[in-house]
Amino acid sequence: MLDSDERTSEEPLMLKEKIEEEDSEWSWSSEKRRPQTKRNLSFWILTTVPWILLTLLGTWDVIQYRKRQTKEVFNLGQQVYSPAQDVIEYELVTFLPGHEDDGTQFVLENSPELDQAWLSLYPSLWQLIDQEQAAQLVNPTILFPHDPERRYVVELDVFHQLHCLNMIRQALSPDYYTPSNPGTNREGQMEDTLLGKSHIKHCLNQIRQSIMCHGDITPYVWQWNDTLGYNQNLISTPHTCRNFDKIRDWARPENHGGDVEVGFDFDGREMNDPLDPRTWVNGYSGE
């Protein structure tokens, strides 16, 4: 039987051996767990990271798709090339009813000021573009007669429509606007070329087609009018519009507009047009 001194001396040795044994077991266990941990990390990387990348890629693709879709929706109305298409911007415009007290200057009483307001909407009926732009047109056009820069002539439809609307406006006031452009219609009858019935019919049909072509689907709402005592549609509604100022600035004489003072020589024809072999003379071959 061990006395107390012998037991006391052996206990630390036994404790040390036990600790060393436990350390040995822990070390072996840690070394055993370490490859397992690496395998778990590798498995997590291989399974999770691809999903994260796919999610990011999918999100980016959705964003790009929506951008393309938005751009396509905005450009659907301009599938035909236009030299002015790069200036197109969209904005919200609230329409006015057209009463004299709402600030609309285009429905005031006939006067030189009213005429000038309408003419300011189309500073030039025709626009001049370079050969590269002309080559992209759906239908060929001509060189503008007597233009020293030998540019090609086009007429943006928006200005043609505004001109037509102005002519209809004037035709509604024959006492104020006297026909001053005598000519003949398609039937060979004498008629004013601007305010005559044939031209007005043409203008009405052009505006009708344009309205149907663009098909503005902005919804007008109806509201009860306490003052009038009946339901009334609300004309003052925001519309998605092309920025007209941008288009008009593009078409000004200092940019692309034809010189109003010079005018359009309808009887003039420029020869040796690189885009029109029918005009090639004196050995010219389009170069």
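## Cysteines outside the disulfide

In this predicted model, Cys 241 has a relative accessibility of 17%, and because the limit for a buried residue is under 20%, Cys 241 counts as buried. Cys 213, by contrast, reaches 63% relative accessibility and therefore counts as exposed, the cut-off for that class being over 50%.

## The disulfide

The structure holds one disulfide, which is formed by Cys 164 and Cys 203, with their sulfur atoms 2.4 Å apart. Cys 164 belongs to helix 4, which spans residues 157-171, whereas Cys 203 belongs to helix 5, which spans residues 197-214, so the pair ties together parts of the chain that are 39 residues apart in sequence.

The link between Cys 164 and Cys 203 is left-handed, with -65° about the S-S bond. Both Cys 164 and Cys 203 are buried.

## A nonpolar surface patch

A nonpolar patch on the surface is formed by Ile 45, Val 49, Ile 52, Leu 53 and Leu 56, which together have about 430 Å² of accessible area. One of these residues, Ile 52, is found in helix 1, a helix that covers residues 4-75.

Is Ile 52, as a member of this patch, buried, partly exposed or exposed? Its relative accessibility is 43%, and because partly exposed residues are those between the buried limit of 20% and the exposed limit of 50%, Ile 52 counts as partly exposed.

Notes
Residues numbered from 1 in each chain as written. Predicted model: local features only at pLDDT ≥ 70, side-chain atom pairs only at ≥ 80, totals over all residues. Heavy atoms only, no water. Patch = residues over 30% accessible without salt bridge, like charges linked within 9 Å, V, L, I, M, F, W, Y side chains within 5 Å. Areas by Shrake-Rupley, 256 points an atom, 1.4 Å probe, with all protein chains shown as cover. Salt bridge = Lys/Arg side-chain N within 4 Å of Asp/Glu carboxyl O. Helix = DSSP H or I, 4+ residues; strand = E, 2+ residues; numbered from the N terminus. Buried < 20%, exposed > 50% of the residue type's maximum accessible area, 1.4 Å probe, protein only. Disulfide = S-S within 2.5 Å.
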